[in-house]
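Visitor: I would like a short tour of this protein. May I ask about it piece by piece?

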Amino acid sequence: MYLTRKSIMLLRKYLLVTESQVSKCGFHIVKKKGDVLYPKRTKYSKYRKGRCSRGCKPDGTKLGFGRYGTKSCKAGRLSYRAIEAARRAIIGHFHRAMSGQFRRNGKIWVRVFADLPITGKPTEVRMGRGKGNPTGWIARVSTGQIPFEMDGVSLANARQAATLAAHKLCSSTKFVQWS
């Protein structure tokens, strides 16, 4: 199947990219450093901060893959560290609670991808002399967007894992289930 640039952008924006899929992916959208996923190349090295849309966008507001998920209650920015910490919290809870059962039929989808660089200047530097160097990555999250989805687990375990993930994220979230 031939992937166009637009389909690659949609895949990057709305689908899961896990460690096992990074090595299989033929397109140049993801690079892995340690356990952190970030874009391999961007059009510009530095972007403006921009505004997070306060309204609810229709994209990514419904469960598309799993039975349970977390839904953001307000618009904001999620850092790549917060996304990775929340993902690890969910997986850690499932491994502790379900042991081998999660490895057989449990699955997690991360539907946000940190693709915007954040810049910062060193401390005690005078004003001026341009924008700082890129220091990290963020993802813009709109109201009602679903950052994490899970399937193959019980309702109680999914609710507990979503609570643990919500503590790691800097925005308020709520638990949703497929009906």
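Visitor: Does Glu-84 count as buried or exposed?

Guide: Keep in mind that this is a predicted model. Glu-84 has a relative accessibility of 12%. The cut-off for buried is under 20%. Because 12% falls under that cut-off, Glu-84 counts as buried.

Visitor: Which helix holds Glu-84?

Guide: Look at residues 80-98, which form one helix. Arg-87 lies there too, three residues from Glu-84. The helix that holds Glu-84 is α3.

Visitor: How far apart are the closest N and O atoms of Arg-87 and Glu-84?

Guide: The two residues sit about one turn of the helix apart. Residues three or four places apart in an α-helix point the same way, because the helix has 3.6 residues a turn. Arg-87 forms a salt bridge with Glu-84, and the closest N and O atoms are apart by 2.6 Å.

Visitor: Is Arg-87 buried or exposed?

Guide: Its partner Glu-84 is buried. Arg-87 has a relative accessible area of 15%. Buried means under 20%. So Arg-87 is buried.

Visitor: Which residues are linked with Glu-84 in a network of salt bridges?

Guide: Arg-87 bridges to Glu-84. The side chain of Arg-88 also meets Glu-84 in a salt bridge, at 3.2 Å from N to O. Arg-88 lies in α3 as well, four residues from Glu-84. The residues linked with Glu-84 are Arg-87 and Arg-88.

Visitor: What is the relative accessible area of Arg-88, and how is the residue classed?

Guide: Buried ends at 20%, and exposed begins over 50%. The relative accessible area of Arg-88 is 46%. That value lies in between, so Arg-88 is partly exposed.

Visitor: How many salt bridges does the count come to?

Guide: Arg-87 with Glu-84 is one of them. Arg-88 with Glu-84 is another. Glu-149 also forms a salt bridge with Arg-111, with closest N and O atoms 2.4 Å apart. The count comes to three.

Visitor: How many residues apart in sequence are the parts tied together by Glu-149 and Arg-111?

Guide: Glu-149 and Arg-111 form a salt bridge. Glu-149 lies in strand β8, while Arg-111 lies in the loop between β5 and β6, so the pair ties together parts of the chain. Both residues are buried. In sequence, the parts are apart by 38 residues.

Visitor: What length does helix α5 reach from its first C-alpha to its last?

Guide: Helix α5 covers residues 155-168 and has 14 residues. At 1.5 Å a residue, 20 Å is expected. The helix comes close to that, reaching 20 Å.

Visitor: Within what arc do the buried residues of α5 fall?

Guide: The buried residues of α5 are Asn-157, Ala-158, Ala-161, Ala-162 and Ala-165. Seen down the axis, they line one face of the helix, because they fall within an arc of 130 degrees.

Visitor: Which exposed residues does the face of α5 turned away from its buried side carry?

Guide: What covers the buried residues of α5 includes β3, α3, β8 and β9. The other face is turned away from that buried side. The exposed residues on that face are Ala-156 and His-167.

Visitor: Which element supplies the largest share of the largest nonpolar core?

Guide: This core has 27 residues, and those touching the most other members include Ile-83, Ile-90 and Phe-94. At least two residues come from each of α3, β5, β7, β8 and α5. The largest share is seven residues, from α3.

Visitor: Which residues of α5 does Met-150 touch?

Guide: Met-150 is among the core residues that touch the most other members. Its contacts include Ile-90 and Phe-94. From the buried residues of α5, Met-150 touches Ala-158, Ala-161 and Ala-162.

Visitor: How far apart in space are Thr-70 and Gln-177?

Guide: Thr-70 lies in strand β3. This residue is buried, with a relative accessible area of 3%. Thr-70 and Gln-177 are 107 residues apart in sequence. In space, C-alpha to C-alpha, they are apart by 8.6 Å.

Visitor: How many helices and strands does the protein have?

Guide: Along the sequence, the pattern runs α-α-β-β-β-β-α-α-β-β-β-β-α-β. Count the symbols of each kind. The protein has five helices and nine strands.

Conventions: Residues numbered from 1 in each chain as written. Predicted model: local features only at pLDDT ≥ 70, side-chain atom pairs only at ≥ 80, totals over all residues. Heavy atoms only, no water. Salt bridge = Lys/Arg side-chain N within 4 Å of Asp/Glu carboxyl O. Buried < 20%, exposed > 50% of the residue type's maximum accessible area, 1.4 Å probe, protein only. Expected span 1.5 Å × (residues − 1). Arc of directions from axis to C-beta. Contact = heavy atoms within 4.5 Å. Core = buried A, V, L, I, M, F, W, Y, C linked by side-chain atoms within 4.5 Å.
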